[in-house]
Amino acid sequence: MTMKHKWVFASSVLVWVLLVGAGETFLLQYSSTPALQMTAPALWPEGSQIAKNTKLPLLLLFVHPKCPCSRATVGELSKIMTHSQGKVSAYVLFAKPEGVSEKWLKSDLWKNASRIPGVQVLEDPNGFEAKRFHSLTSGQTLLYDAKGRLLFEGGITAARGHFGDNQGSETIKQLIQGNAVKGRSHFKVFGCALFNHNE
Amino acid sequence: MANLLPLNKSEQIQARSEALFREHQQKIFKQTDRVFAVLFFLQWVAGIVAAILISPRAWAGTQSSVHVHVLAAVILGGAISFFPILLALLRPGKTSTRYVISVAQMLTSALLIHLSGGRIETHFHVFGSLAFLAMYRDWKVLIPATVVVALDHLIRGMFWPESVFGVLTIEPWRWLEHAGWVLFEDIVLYYSCLRSVNGMKEIADRTAELQWVNQQIEAAVIDRTHELRESEEKTRMIIETANDAFIGTDEKGMISEWNKEAESMFQYSRAEAMGKQFSDFISEESREVYQKGIEKFLHNGKKHASNKCIELTALRKNEKFPVEITVSPIRHNGSYRLNVFVRDIAERKKAEEELRSAQSQVIQAEKMNSIGRVASGVAHEVKNPLAILIQGIEFLMKKVDQTDPDVRMVLQSMQTAVAKADIVVRGMLDFASVASVKMEQYHLRHILETSLPLVKHQLDRQKITLVQEFRPDTPELMLDKNRIEQVFVNLLLNASHAMPNGGVITVKVYPKKLSVGDPFTGKRKQDLFHAGEEVVIADIEDTGHGIPPEVADKIFDPFFTTRRTSGGTGLGLSVVRNIIQMHRGIINLENKEQGGGARARILFRTSGL
């Protein structure tokens, strides 16, 4: 290989590394950037249509039926429920915008959530309940104690659509068990927006 | 300074083994590069498909757009895959190509893990990729891959640990555990690579050794083949330059070999003779002998006809000539091949004939010599008594009364008888006296002219015409004038005796340069005349009754005569031949080819007496 060829090759490798590095960085950036988030009501809102269990903590998960990132969230919920069977009431609320079909609503995500023991899956027409609980992003999870006090708010995945152990789900497990949790109890949410941009 | 000494066996095998190993290794490197080129493309497509299936679109209420993962699968996946594919196609087998492929494969793993949402199952891609990289059988390729994994975990562990380890409060050394599992597989693959490489080296060693042995065998085969060719060439040269014709045939006599001498002997080119039957070149009368001999041999294997010289008559364009053949059969592939050596013995036969003739001449000369001595003795003993008888008869004829017819008749008979005896005695003395000659230079014409008056009366009486043809360029010769006169007189008288009713005697004298094929020439030193020699020829031709065939062989014998009743002594031609031989010439008496009559031809040498 001549010196010229060596330079061409080395330059090509460098360009390639930079290009791929930039792509990977962008992807990481995208995956780790949380969605919009509002603070949930500290006490159970009175107007909520969701049946409140006064004996057990209540877990609410707001989901966009088509959000691919929420597949990991539903997966994490499944693990939480396995760990906390009988110790929590859980509802998964699928936002149903006006005018969409049943088929649109009852996606794979709906079916997956329905299969989790102890979880009740509900329609949330026009996202009224989501709005009531100040949830803007699919994957927003809330935990209220039996007295209606907010114990946890945020996401239960480490990144956008990312499976695996994470601080959010670990915290919520501890709270369901009734353990005291050090540090924060609200986490970043990674998922699709529940509402149109103009809403 | 380079070692210019030739390599020994082990060094040669070692060098070849290394070359074979490198060749095999390069082949594997290139093949694996191509496998990865395909794999990268498939992984790229798989990534896009996975992204489309898992996260096709990003949503906001009822609004949606293409998910970033799909774009990442297409663009970033393409960027990762394109460069190693290009290198695998353009620079297969290069170390740098393998290293880029190694890095790119790990980056592909990272992308796929990301696209699958970090599913634990997708992490197996990392371990599968390392196993794939081990296909190179080059453990060093595992290093860049391991470094990429380690760096990925290290950097992300430092800046965003939750993306790798799932928890935020991770221990700083946790990345080492993940890298440790990769290293664990690396160690397994490292040993696997080493074992594969050792196996390849063993194969290369064995192959090199086999090739060396093959090379030796091939060299030996080439040498033997060369020697065989040389031997064949020598044999061919021997056959081609042989003085004998060499003809090879199969059992059925079909010709497959035909050397130059055969071409010359039979006047058939090799191409013409090929495929013909050898028996076609043997005369009809000899053909049966030859074929029977061969058939007998082929029937019972006994060599009746082989390795023996058999004299046959061969054919050369319908001309017959004597040959001697030797047949050597060779057993080859279950059948016989017949090698026939043919020798033209025409010259030998001629020489044998000439030898027989020479021997006969020697015997004849010896006989003549003996007869001469006897004749001389007898003549001398008889001559004196005869003289007394002649004188006595003459005295008695004068003294005795001859009126008595009986007395007169007795005396005349006695006189005639004694005269005859005297002639015989004189002839015998002539015959015996040709022992020495006195040579001087003469023109044959001059001697002939002095001889003619002696026979003129006889010729005239028989109404014989004499024609003389003398070539003016005839050179002078060393001759005994009296003896040659005697020769001419004898021959002219002989000719006249053959023509009792008249005729023509032609005498020709001319010079000639002898050529090959002249009946008097020979090749041997002892032959009197040779081709190219200058001679003077004297022909005396008559138009008489010719020489009867039954007497042709005895015509020069002493005392042989066909005119015994008319006074012939049978010594004339013997004396003539003796005189010619004393001149180292040749005389030949034969019938003429045309017109009847006989011809006496005498050859005189012009020099070297």
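**Exercise 1. In what order do the elements of chain A run from the N terminus on?**

Keep in mind that this is a predicted model. Start by counting: chain A holds six helices and five strands. Then walk along the chain from the N terminus, and the order reads α-β-α-β-α-α-β-α-β-β-α. Now look at how the chain packs. Of its 199 residues, 44% count as buried. Take the contacts in chain A between residues at least 6 apart in sequence: 81% of these join residues at least 24 apart.

**Exercise 2. Check whether the length of helix α1 of chain A agrees with its residue count, then list its buried residues.**

Step one is the expected span. Helix α1 of chain A covers residues 3-32, and at 1.5 Å a residue its 30 residues should span 44 Å. Step two is the model itself: the end C-alpha atoms are 43 Å apart, so the two values agree. Step three is burial. In α1(A), the buried residues are A:Trp16, A:Val20, A:Gly23, A:Glu24, A:Leu27 and A:Ser31.

**Exercise 3. Find where confidence in chain B is lowest and where it is highest.**

Get the overall picture before the details: chain B has a mean pLDDT of 85, with 91% of its residues at 70 or more. Go element by element next. The low end is helix α6 of chain B (residues 162-165), with a mean of 60. The high end is helix α2 of chain B (residues 68-90), at 96. A word of caution goes with that: where pLDDT is low, predicted coordinates should not be read in detail. For the model as a whole, the scores are ipTM 0.90 and pTM 0.57.

**Exercise 4. Describe the side of chain B that touches chain A.**

Count first: 31 residues of chain B are in contact with 36 residues of chain A. On the chain B side, β1 (57-60), β2 (63-66), α2, α3 (95-115) and α6 each supply at least two residues. The largest share comes from α2(B), with seven residues. Sorted by class, this side of chain B has 17 nonpolar, 12 polar and two charged residues.

**Exercise 5. B:Arg137 and B:Gln267 each have a positive phi. Work out whether each one is buried or exposed.**

Take B:Arg137 to begin with. Its phi is near 60°, positive although the residue is not glycine. B:Arg137 sits in the loop between α4 (124-133) and α5 (142-159) of chain B. It has 20 C-beta neighbours inside 10 Å, so B:Arg137 counts as buried.

On to B:Gln267. Phi of B:Gln267 is near 55°, again a positive value in a residue other than glycine. This residue is in the loop between α8 (260-266) and α9 (270-273) of chain B. With 11 other C-beta atoms within 10 Å, B:Gln267 is exposed.

**Exercise 6. Which residues touch the most other members of the largest nonpolar core?**

That core has 47 residues, and A:Leu60, A:Phe62, A:Val63 and A:Val92 touch the most other members. Now trace the suppliers. In chain A, β1 (58-63), α2 (70-83), β2 (89-96), α4 (108-114), β3 (119-125), β4 (140-144) and α6 (167-176) each give at least two residues, and so does β1 of chain B. β1(A) gives the most, six residues.

Zoom in on A:Val92. Leaving aside neighbours within four places in sequence, A:Val92 is in contact with A:Leu61, A:Val63, A:Ala113, A:Val119 and A:Val121. Apart from this core lies another, of 45 residues, including B:Trp44, B:Ala79, B:Leu87 and B:Val148.

Terms used: Residues are numbered from 1 along each chain as its sequence is written. Chains are lettered from A and ligands numbered from 1 in the order in which they are written. This is a predicted model: local features need pLDDT of at least 70, side-chain atom pairs count only at pLDDT 80 or more; totals for chains, interfaces and linings use all residues. Helices (H or I, at least four residues) and strands (E, at least two) are DSSP runs, numbered from the N terminus. A residue is buried if 20 or more other C-beta atoms lie within 10 Å of its own, exposed if 12 or fewer, and partly exposed in between; C-beta atoms are placed from the backbone. Two residues are in contact if their C-beta atoms, placed from the backbone, lie within 7 Å. pLDDT is the predictor's confidence in each residue, from 0 to 100. The expected span of a helix is 1.5 Å times one less than its number of residues. Ala, Val, Leu, Ile, Met, Phe, Trp, Tyr, Cys and Pro count as nonpolar, Asp, Glu, Lys and Arg as charged, and the others, Gly among them, as polar. A nonpolar core is a set of buried Ala, Val, Leu, Ile, Met, Phe, Trp, Tyr and Cys residues joined through C-beta atoms within 7 Å.
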